[in-house]
Amino acid sequence: MAAPPNFEEGQSTYIPPRFNGQYYGWWKIRMHDFNMAKDSELWDVICDRPFIPMKTIGETSVQVPKTKKEYNDAYRKVIEKNIRAKNILVYGIGPDEYNRISVCQSTKEIWEALQTAHKGTTQVKPSKINMLSTSMKSSR
């Protein structure tokens, strides 16, 4: 994967890599590495779903989220990872990309929205390939 031309940004251990809408694949790898260097569990929060402490109510065993008052120290630490992962993702994108993900609630939703917008879904990829193939054939 090629780096952007005229790349002059340093590799900060404090500031997440910035995505401006171009070179998504390159940014994605850098964001993965940045999160893994901070805490490998942050990447798990992004790829899976954030941890939400649950409790069982009644005899029907219905699961509902616990209130913040019901959190113990262990739950607070895990919830903090959810917030840190989201913070890193949001700080790693520009204003145009923020508008795209501003309605997302979780880090997984943010990551999937960016991936779909810049890489496409599995359904979009074949149509992009067909479109490129058709345009290449017609230009010959």
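Is Lys108 buried or exposed, and what is its relative accessible area? Lys108 is buried, at a relative accessible area of 18%; the legends below come back to that residue after an overview. This is a predicted model, where local features need pLDDT of at least 70, side-chain atom pairs count only at pLDDT 80 or more, and totals for chains, interfaces and linings use all residues. Residues are numbered from 1 along each chain as its sequence is written, and side-chain values use heavy atoms, with hydrogens and water left out.

**View 1. The whole chain, with six helices and two strands.** Helices (H or I, at least four residues) and strands (E, at least two) are DSSP runs, numbered from the N terminus. Reading from that end, the order is α-α-β-β-α-α-α-α. Of the 140 residues in the chain, 27% are buried, where buried means under 20% relative accessible area, exposed means over 50%, and partly exposed is what falls in between (1.4 Å probe, protein chains only). The chain exposes about 9800 Å², with 55% of it supplied by carbon and sulfur atoms; these areas come from the Shrake-Rupley method with a 1.4 Å probe, and for residues only the protein chains shown count as cover. Take the contacts (heavy atoms within 4.5 Å) with a separation of 6 or more: residues 24 or more positions apart account for 49% of them.

**View 2. Helix 2 (residues 40-47) and its buried residues, Leu42, Trp43, Val45 and Ile46.** Looking down the helix axis, these buried residues fall within an arc of 155 degrees, so they line one face of helix 2. The arc is taken from the directions from the helix axis to the C-beta atoms. They pack against helix 1 (24-38), helix 3 (73-91) and helix 5 (107-118). At the N-terminal end of helix 2, Asp39 acts as the cap, with a side-chain oxygen 2.9 Å from the backbone nitrogen of Glu41.

**View 3. Lys108, a buried lysine in helix 5.** A polar atom of the Lys108 side chain lies 2.8 Å from the backbone oxygen of Cys47. Leaving out residues up to four places away in sequence, Lys108 touches Val45, Ile46, Cys47, Asp48 and Arg49.

**View 4. Gln115 and Tyr24, joined through their side chains by a polar contact of 3.1 Å.** A polar contact is a pair of N or O atoms within 3.5 Å; within protein, one must be able to donate a hydrogen and the other to accept it, and residues adjacent in sequence count only if both atoms are side-chain atoms. Gln115 sits in helix 5 and is partly exposed, at 22% relative accessibility. Its C-alpha atom is 9.2 Å from that of Gly25, though the two residues are 90 apart along the chain.

**View 5. An aromatic cluster of Phe19, Tyr24, Trp27, Trp43 and Trp111, linked by ring pairs.** Rings of Phe, Tyr and Trp (its six-membered ring) pair if their centres lie within 6.5 Å; planes under 30 degrees apart count as stacked, over 60 as edge-to-face and the rest as tilted. The count comes to seven aromatic pairs. Tyr23, in the segment before helix 1, is partly exposed at 37% and has a positive phi of about 60 degrees although it isn't a glycine.

**View 6. The hairpin of strand 1 and strand 2, with four residues between them.** Strand 1 (residues 54-57) and strand 2 (residues 62-65) pair in the antiparallel sense over four bridges; pairing takes at least two DSSP bridges. Lys55 has Val64 of strand 2 as its bridge partner. In the turn, Gly58 has a positive phi of about 70 degrees.
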